[in-house]
Amino acid sequence: VRVVVRVRLGLGLGPSSPLLFLHLPQFFAIFAFSTCGSYSGVFRMSVECKNRTESDLSIEVEFEYPFRLHQEYFDAPTCKESNKERIFLFGDHSSSAEFFVTIGVFAFLYTTAALCIYVFFFEKYKEKNKGPLIDLVVTGVFAFMWLVSSAAWAKGLSDVKKATDPDAVITMIGACKEEENHCREVHDPVMSGLNTSVAFGFINLVLWAGNLWFVFKETSEHVQPSGTATESSSCH
């Protein structure tokens with residue numbers, strides 16, 4: 001009895017599989033840098049002096065991306081006649097914010113370019129395996145950069161929240177150190193958009209790190225050429 005066993009190994013992936021996973025990082029990169037880069041916030045305080053005519057019950061302080069808070073200031077009453085004192089916020093958090101936004105922009109540009117190559121030049125992309133290898137390296141770099149930038153921006157955002165806390169800013173106003181004057185916060189800054197940007201940053205980290213596997217499957221180290229046939233026979 002002669003038994004012939006024919007095994008075909010066909011593990012090649014078409015362009016449609018990677019495209020699915022390239023779409024996700026692209027759109028989440030947009031959400032990450034847009035929610036951070038377009039942010040502007042405001043908080044309000046009131047200073048009620050012993051002499052009510054010298055009070056200011058609606059001190060408005062505005063700040064925005066890239067959060068160079070040491071350049072943001074407001075004028076507060078001194079409760080001494082009509083004099084005002086100019087007070088600057090504390091801290092420069094632009095480095096972490098701009099780094100985060102830059103990574104998001106470049107990630108979006110790269111995934112857009114990669115998407116075009118997958119759709120229109122897939123055969124060229126697979127030629128000599130250079131495309132998948134370059135894609136693998138760049139994807140790994142972006143996964144690492146999302147980790148670094150998201151962690152840095154999370155710390156930066158924590159510092160921004162502390163520096164723009166009305167209760168903390170009130171302690172910088174000279175008139176509020178006098179017991180006969182009454183100071184309080186009127187409105188806290190809305191930080192939900194910035195919290196969302198940090199969340200999208202770590203989501204991008206997960207997506208890019210997960211995408212490494214699908215890019216790796218395109219390399220010759222993992223994918224064997226389709227159509228390889230192996231014949232084995234045995235005689236009894």
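**Exercise 1. The nonpolar patch**

Which residues make the nonpolar surface patch of about 430 Å²?

Solution. Start with the ground rules. This is a predicted model, where local features need pLDDT of at least 70, side-chain atom pairs count only at pLDDT 80 or more, and totals for chains, interfaces and linings use all residues. Residues are numbered from 1 along each chain as its sequence is written, and side-chain values use heavy atoms, with hydrogens and water left out.

Step 1. Set the criterion. Patch residues have over 30% relative accessible area and no salt bridge; like charges are joined within 9 Å, and nonpolar side chains (Val, Leu, Ile, Met, Phe, Trp, Tyr) within 5 Å. Accessible areas come from the Shrake-Rupley method with a 1.4 Å probe; for residues, only the protein chains shown count as cover.

Step 2. Name the members. They are Ile117, Val119, Phe120 and Phe121.

Step 3. Place one of them. Phenylalanine 120 belongs to helix α2 (residues 94–120). Its relative accessible area is 62%, so phenylalanine 120 is exposed. The classes are: buried under 20% relative accessible area, exposed over 50%, partly exposed in between (1.4 Å probe, protein chains only).

**Exercise 2. The chain as a whole**

Describe the order of the elements and the overall burial.

Solution. Step 1. Count the elements. The chain has six helices and seven strands. Helices (H or I, at least four residues) and strands (E, at least two) are DSSP runs, numbered from the N terminus.

Step 2. Read along the sequence. The pattern is β-α-β-β-β-β-α-α-α-α-β-α-β.

Step 3. Take the surface. Of the 236 residues, 36% are buried. The accessible surface is about 13200 Å², and carbon and sulfur atoms hold 61% of that area.

Step 4. Take the contacts (heavy atoms within 4.5 Å). Among those with a separation of 6 or more, 74% join residues 24 or more positions apart.

**Exercise 3. Two polar side chains inside helices**

Where do the side chains of asparagine 204 and serine 149 reach?

Solution. Step 1. Define the pair. A polar contact is a pair of N or O atoms within 3.5 Å; within protein, one must be able to donate a hydrogen and the other to accept it, and residues adjacent in sequence count only if both atoms are side-chain atoms.

Step 2. Take asparagine 204. This residue sits in helix α6 (residues 192–216). Its relative accessibility is 0%, so asparagine 204 is buried. Its side chain reaches the backbone oxygen of phenylalanine 200 at 2.8 Å.

Step 3. Take serine 149. Its helix is α4 (residues 130–163). Serine 149 is buried because its relative accessible area is 0%. Its side chain reaches the backbone oxygen of tryptophan 146 at 3.4 Å.

Step 4. List the neighbours. Leaving out residues up to four places away in sequence, serine 149 touches Phe99, Phe100 and Ile103.

**Exercise 4. The β4–β5 hairpin**

How many bridges join strand β4 to strand β5?

Solution. Step 1. Check the pairing. Two strands pair if DSSP finds at least two bridges between them. Strands β4 (residues 73–77) and β5 (residues 84–88) run antiparallel and share five bridges.

Step 2. Look at the turn. Six residues lie between the strands, and cysteine 79 takes a positive phi near 60°.

Step 3. Look across the strands. Aspartate 75 stands opposite arginine 86 in β5. Their side chains meet in a salt bridge (3.0 Å, N to O). Aspartate 75 lies in β4 and arginine 86 in β5, so the pair ties together parts 11 residues apart in sequence.

Step 4. Assign exposure. Arginine 86 is partly exposed at 49% relative accessibility. Aspartate 75 is partly exposed at 32%.

**Exercise 5. Other salt bridges**

How many salt bridges does a search of the whole structure find?

Solution. Step 1. Apply the cut-off. A salt bridge needs a side-chain nitrogen of Lys or Arg within 4 Å of a carboxyl oxygen of Asp or Glu. The search finds six.

Step 2. Take one of them. Aspartate 56 and lysine 84 meet at 3.5 Å, N to O. The pair links distant parts of the chain: aspartate 56 is in strand β3 (residues 56–64), lysine 84 in strand β5, 28 residues apart. Aspartate 56 is buried at 19% relative accessibility.

Step 3. Take another. Glutamate 48 bridges to arginine 52, with the closest N and O atoms 2.9 Å apart. Glutamate 48 is partly exposed at 24%. Arginine 52 is exposed at 60%.
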